[in-house]
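Reader: I'd like a close look at one part of this model, please: the chain written second, and how it sits against its partner. Take me through its build, its packing and its contact in whatever order reads best.

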Amino acid sequence: MQRRHPRADSLHRPASILRRRRLTRRDLLRTSAAAGFGIALGRYAAGVPAARGAAAPQQGGTLRVGAVADVHTLDPHYSVDWSERPVMYAIYNTLVSATPTFEIAPELARSWKVSPDGLSITASLAPDVRFHDGTACDAAAVKWNIDFILNQANNSPQFKQLQPFLAGVDAGGPTTVTFRLKKPYAGFLAAFTERPGFIVSPAAYQKYGKDFGRNPVGSGMYQFVEWLPDDHVAIKRFDGYWGTKSYLDGITYKVVPDPAVRDTMVRTAELDITSEPDPKDVPVLQRAPGVKVVSENPSGHWWGIQWRVDRPPFNNKALRQAIAYGVDRDEFVKIMLGGRGSVANGPTPSIVWWYSQPARAYTYDPERAKRLLAEAGYQKGFSAEFSTDNTPVGLQFAQLLQAQLKRLNITLTINPVDPSNLYQQVLQQKVNWTRTDWTLRADPDGLLRILFYTGNYANSTGYSNPTVDKLLDQANSTYDRNARKKLYAQIDQQVLDDAPYVWVFYPSEDAPMRTAVQNYAWIPDSVPRYRSVWLTK
Amino acid sequence: MTVLVTMAVFWLLHGLLGDPTLLILGRDADPQTAARLRHELGLDRPLDVQYLDWLGGAARGDLGRSLRTREPVAQAIRERLGPTAELTLASMALAAAAALVLGTVAGAWYGSAADFGVSSLCVIGVTLPNFLLGISLILVFALTLRWVPSGGFVPLFPNPGANLQHMALPIVTLSVAYVGILSLVLKSSLRATLGALYVQTARAKGLVERRVLVRHALRNSLIPVLSVLGIEFGRLFGGAVVTETVFALPGVGRLLVDAILGRDFPVVQAVVVLMTFGVLFVNLAVDLSYAWLDPRVSYG
């Protein structure tokens, strides 16, 4: 999972259009039945969902996208920045893709089979796929990519995602790849919907070496044209694409860091679409002629607070629960988000397949909070430092929390920290109580394990609960999704009760665009793909 | 001087900002990979060794590779130098030209309504934040009047017309504060010069007022203005960072901010060296111009 830069404008993401096109679980099961365990989701073939109900798609035009930040590399094996992923999803294919409910759908891998012992997965690749440089995107190329990531000497940031469960990969023929697992791992395929799943051209990689990130070659529906740093990235339709070809002639990702300027450029038709608008601009954009705002609520991106549960004063469960009851989530959504978001109660939003309504959740209850404070030994309240990123939204979050907890006689001193330094200070335990936000991964194990498993490298709260550890291990070692869903419901409930985090809200995601932009689809990982988009003339 | 600056920057960056490996690998990086990368980048060596290594490379013209993008630092700077050079030099030229007119009017007609008007505008210009002015200009000239684009950059060659359209608002935005400062300095300086004995002598000789003003008073009044111009050049670069961000210009300022936030030490170091050279060069040019403006100054 990637943490996005905490900006006011990073609080949004589109909904209703998406829901009309959403792939249901029923669809999924129906198609799965035809291929044994393997799945063949034709509508998501190569990542272009078919438009439903709307006018027939039109061909042509260049989509001008207002990008929040520049890319630093277009080499997926070394990519960590969120801003790089929208471009990479256009240039590359992933082995498999994720649907709007985080189901796994075929992409390069058209179907797959798990061995009876759960220790190997054999995938059948699409035949006759070519990279933009004309070389074959086959089993050997897939093996080369996975081996590159697994080679520790290459220092790929993607290593950590594959190494814990993947022992190796074998090419059994031009279109057959077998993955050898160290142990049965249900989240296996989900990892290949993300960065580890992008397949680059090995020939181009060897040709360009360290400069591949500026000369990317994939097998996706668009091919790279140019990248002018801090200005734009341009890509054009790849006519030799193996799957459903793009409707657009090309896409230009224009870097415009200031949200107010991006919003203005959509209004002046200098841009066709952007993301992360200034929340203050959203009502203006909704009224502007020729502009629409497509929103998704809730998103797969939660905001909350965290603390060290192994250090005083927050090693006191009653105190943590008191604060959880003392946070008025509705007020956060109303004041901070202007109503553009949903309250969060737990690490899982309702939009993904593993969500279950928690039996016990926190509601704003100051009386109960005061009782719990007294039980925790803080009947007169207490003072503590709260660290937050020094962005306008980070500070706004802290100030609202400060005002709410004052009602419980808890005095917060706000410690603003540079956003790029905050997480490091958390890891180094220089700060205890902080604001945080995380975005979901395509498999529940991805985020829940790194945050809650005892001693995990991203478990920055010091949380340790043997029951949760056991449940996490059980849940990722079975391929039965219904069984997994029940186990994740128990995990969500347990961490909600233990409160290593207090989940506050899921900001909605908003995408302002010209009315000419059609069929915009998105996934709960907050990464716009633009694969299905077409423009009316 | 440059060595001292790089030394200070190096220690400040490493001391205050800390380890870049988590930003390179992502915040969920596993500790073993982070440690290996730290070793490969040489970040686990003592700071003085790292500094001397960098200095040795820089002296040979090798500024290294960016930690984040892996591209050569010199290339990263070269690609972004055009917009920044155009923005800062054009802003400085525009500010100097506008200040020459406004400061002369305010100084020559000291205490008049014109002086009051010019001085008030100058004070507003100095106090108006760059980003606010930039956004306001976009709303008026790009959104409402649709005369110019809201942002972006087109190279000067081969398309000077489109370049001017894109650069007009950023140049005006960046120059406004400097018009204010330079005009106020020129006004005070001209006011003092006009009271000097040699100006009275010139008038007594019967010279027309325009010749007294332009030939005798103004030229001698420019020395403090030029001094301020040199000193303010560093600040102009700071203003360029904000202006580039508002107008989405792919310049060195944005590269620097991005590199600081990403702990990209080689890039930060190189840009700081470049800025230091820029400020030193402009101040040297200013010092040399004193002799041209005032015959009493000589460097013999």
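Author: Happy to! A word on terms comes first: helices are DSSP runs of H or I with at least four residues, strands are runs of E with at least two, and both are numbered from the N terminus. Read that way, chain B runs α-α-α-α-α-α-α-α-α-α-α-α from its N terminus, with twelve helices and zero strands.

Please keep in mind that this is a predicted model. For chain B the mean pLDDT is 87, and 98% of the residues reach 70 or more. For the complex, the predictor gives an ipTM of 0.77 and a pTM of 0.80.

Now to the overall build. Along the principal axes, the C-alpha atoms of chain B fill a box of roughly 85 × 55 × 35 Å. The chain has 300 residues, and 40% of them count as buried. If we take the contacts in chain B between residues at least 6 apart in sequence, 71% join residues at least 24 apart.

Phe265(B) gives a residue-level view of this. Phe265(B) belongs to helix 12, residues 265-293 of chain B. Is Phe265(B) buried or exposed? Phe265(B) has 23 other C-beta atoms within 10 Å, and the cut-off for burial is 20 or more, so this residue is buried. Leaving aside residues up to four places away in sequence, Phe265(B) touches Leu13(B), Pro20(B) and Leu67(B). Leu89(B), on the other hand, lies 27 Å from Phe265(B), C-alpha to C-alpha, with their places 176 residues apart in the sequence.

Next, a pair of helices within the chain. Two packed helices are described by the angle between their axes and the distance between the axes. For helix 6 (residues 113-127) and helix 8 (residues 160-194) of chain B, the axes come within 7 Å and cross at roughly 135 degrees. That angle falls outside the parallel, antiparallel and perpendicular ranges, so helix 6 and helix 8 of chain B are oblique to each other. The crossing of helix 6 past helix 8 in chain B is left-handed.

Which residues meet there? Helix 6 of chain B brings Val118(B), Ser119(B), Cys122(B), Val123(B), Gly125(B) and Val126(B). Across from them, helix 8 of chain B offers Val176(B), Ala177(B), Val179(B), Gly180(B), Ile181(B), Ser183(B) and Leu184(B). Sorted by class, this contact has nine nonpolar residues, four polar ones and no charged ones.

The route into helix 8 of chain B has a detail worth a look. Pro158(B) sits in the loop between helix 7 (130-144) and helix 8 of chain B. The bond joining Phe157(B) and Pro158(B) is a cis peptide bond, with omega about 15 degrees.

Finally, the partner. Where the two chains touch, chain A contributes 35 residues and chain B contributes 40. On the chain A side, helix 5 (159-162), strand 10 (250-255), helix 8 (259-267) and helix 14 (419-427) each supply at least two residues. Which of the elements gives the most? Helix 8 of chain A does, with five residues. The side of chain A that touches chain B divides into 16 nonpolar, nine polar and ten charged residues.

Helix 8 of chain A deserves a moment of its own. Nine of its nine residues are buried, so helix 8 of chain A is largely enclosed by the rest of the structure. Charged residues are among them: the buried list includes Arg262(A), Asp263(A) and Arg267(A), alongside Val261(A), Met265(A) and Val266(A). After helix 8 of chain A comes Ala269(A), with a positive phi near 65 degrees. Ala269(A) lies in the loop between helix 8 and strand 11 (273-274) of chain A, and it counts as partly exposed because it has 13 C-beta neighbours inside 10 Å.

One caution about the partner chain. Chain A averages a pLDDT of 87, and 90% of its residues score at least 70, but pLDDT stays under 50 over residues 1-53 of chain A. The model has 141 contacts beyond four places in sequence for that stretch. Where pLDDT is low, the predicted coordinates should not be read in detail.

Technical notes
Residues numbered from 1 in each chain as written. Chains lettered and ligands numbered in written order. Predicted model: local features only at pLDDT ≥ 70, side-chain atom pairs only at ≥ 80, totals over all residues. pLDDT = per-residue confidence, 0-100. Contact = placed C-beta atoms within 7 Å. Axes fitted to C-alpha atoms, helices over the stretch in contact; angles between N-to-C directions. Parallel < 35°, antiparallel > 145°, perpendicular 65-115°, else oblique. Left-handed = near helix turned anticlockwise from the far one by under 90°. Buried ≥ 20, exposed ≤ 12 C-beta atoms within 10 Å, placed from the backbone.
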